[in-house]
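Here are some notes for a colleague who is opening this structure for the first time. Please keep the sequence and the model side by side while reading them.

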Amino acid sequence: MKKRLMVVDDSRVMELQICKLLEGSDYEVVAYCENGEDAITRYEEILPDVVTMDIIMPGIDGLEAAQIILEGHPEAKIIMVSSLIYDETIREASAIGAKTFLYKPVTREGLLTALQRALS
């Protein structure tokens, strides 16, 4: 049975890229959210195995959305994704419970490694 992934990113291109990178793998994208507010609501409905969460988004950013999801679901597996990750951002995300980081541009190997790390 494939692991279920929810992609949270304000760029639909990222969701399409992740879907393509996961072809032939043990993972499938079951939901896409364009912002943190939608991610919080949809997480409750879907309860995915893992979430890729962009950090910089309009409205509730990825760090705040991850924190809210993890407060209600401490078992949630969230991978923070960004092209602009600084040491302070990494510390903040780790402190709220993010499992790992994925740097843009995303590669198949990087994505699969991050998913495996988050789920182990």
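The numbered points below go through the packing, one helix pair, some single residues and the backbone.

1. The model is a predicted one, and the points that follow should be read with that in mind. A good place to begin is its largest nonpolar core, which has 24 residues; those with the most contacts inside this core are Met6, Val8, Met53, Ile78 and Met80. At least two residues of the core are supplied by each of β1 (3-8), β2 (27-33), α2 (36-46), β3 (50-54), α3 (62-72), β4 (78-82) and α4 (87-96). The largest share, five residues, comes from α3.

2. Separate from this is a second core of 17 residues, which includes Val7, Tyr32, Val50 and Leu115. As general background to both cores, nonpolar side chains tend to be buried together in soluble globular proteins.

3. How do α3 and α4 lie relative to each other, roughly parallel or roughly antiparallel? Their axes come within 9 Å and cross at roughly 15°, and because angles under 35 degrees count as roughly parallel, the two helices are described as roughly parallel to each other. The crossing in which α3 passes α4 is left-handed. On the α3 side the contact is made by Leu63, Ala66, Gln67 and Leu70, and on the α4 side by Thr89, Glu92, Ala93 and Ile96.

4. Ile78, already named among the residues with the most contacts inside the largest core, is in contact with Val51, Met53, Ala66, Ile69, Leu70, Ala98, Lys99 and Thr100, if neighbours within four places in sequence are left aside. The last of these partners, Thr100, is found in strand β5 (residues 100-103) and counts as buried at 8% relative accessibility. With its own neighbours within four places in sequence left aside, Thr100 is in contact with Ile78, Ile79, Met80, Ala114 and Arg117, and a polar contact of 3.2 Å joins the side chains of Thr100 and Arg117.

5. Leu5, in strand β1, is buried, with a relative accessible area of 0%. Not counting residues up to four places away in sequence, Leu5 touches a long list of partners, among them Ile18, Leu22, Glu28, Val50 and Leu115. The C-alpha atoms of Leu5 and Glu28 are separated by 5.9 Å, although these residues are 23 residues apart along the chain.

6. Is Glu15 buried or exposed? This residue, which lies in helix α1 (residues 12-21), has a relative accessible area of 8%, and because buried means under 20%, Glu15 is classed as buried. Not counting residues up to four places away in sequence, Glu15 touches Val7, Val29 and Tyr32; Val7 and Tyr32 are also among the residues of the second core.

7. Two backbone details deserve a careful look, given that most residues other than glycine have a negative phi and most peptide bonds are trans. Leu47, in the loop between α2 and β3, has a phi near 45°, a positive value in a residue other than glycine, and is partly exposed, with a relative accessible area of 43%. The peptide bond that joins Lys104 and Pro105 is cis, with omega about 0°, and Pro105 has its place in the loop between β5 and α5 (108-119).

Key: Residues are numbered from 1 along each chain as its sequence is written. This is a predicted model: local features need pLDDT of at least 70, side-chain atom pairs count only at pLDDT 80 or more; totals for chains, interfaces and linings use all residues. Side-chain values use heavy atoms; hydrogens and water are left out. Helices (H or I, at least four residues) and strands (E, at least two) are DSSP runs, numbered from the N terminus. Buried means under 20% relative accessible area, exposed over 50%, partly exposed in between (1.4 Å probe, protein chains only). Contact means heavy atoms within 4.5 Å. A nonpolar core is a set of buried Ala, Val, Leu, Ile, Met, Phe, Trp, Tyr and Cys residues joined through side-chain atoms within 4.5 Å. A polar contact is a pair of N or O atoms within 3.5 Å; within protein, one must be able to donate a hydrogen and the other to accept it, and residues adjacent in sequence count only if both atoms are side-chain atoms. Axes are lines fitted to C-alpha atoms, for helices over the stretch in contact, and angles run from 0 to 180 degrees between N-to-C directions. Angles under 35 degrees count as roughly parallel, over 145 as roughly antiparallel, 65 to 115 as roughly perpendicular and the rest as oblique. A crossing is left-handed if the near helix is turned anticlockwise from the far one by less than a right angle, and right-handed if clockwise.
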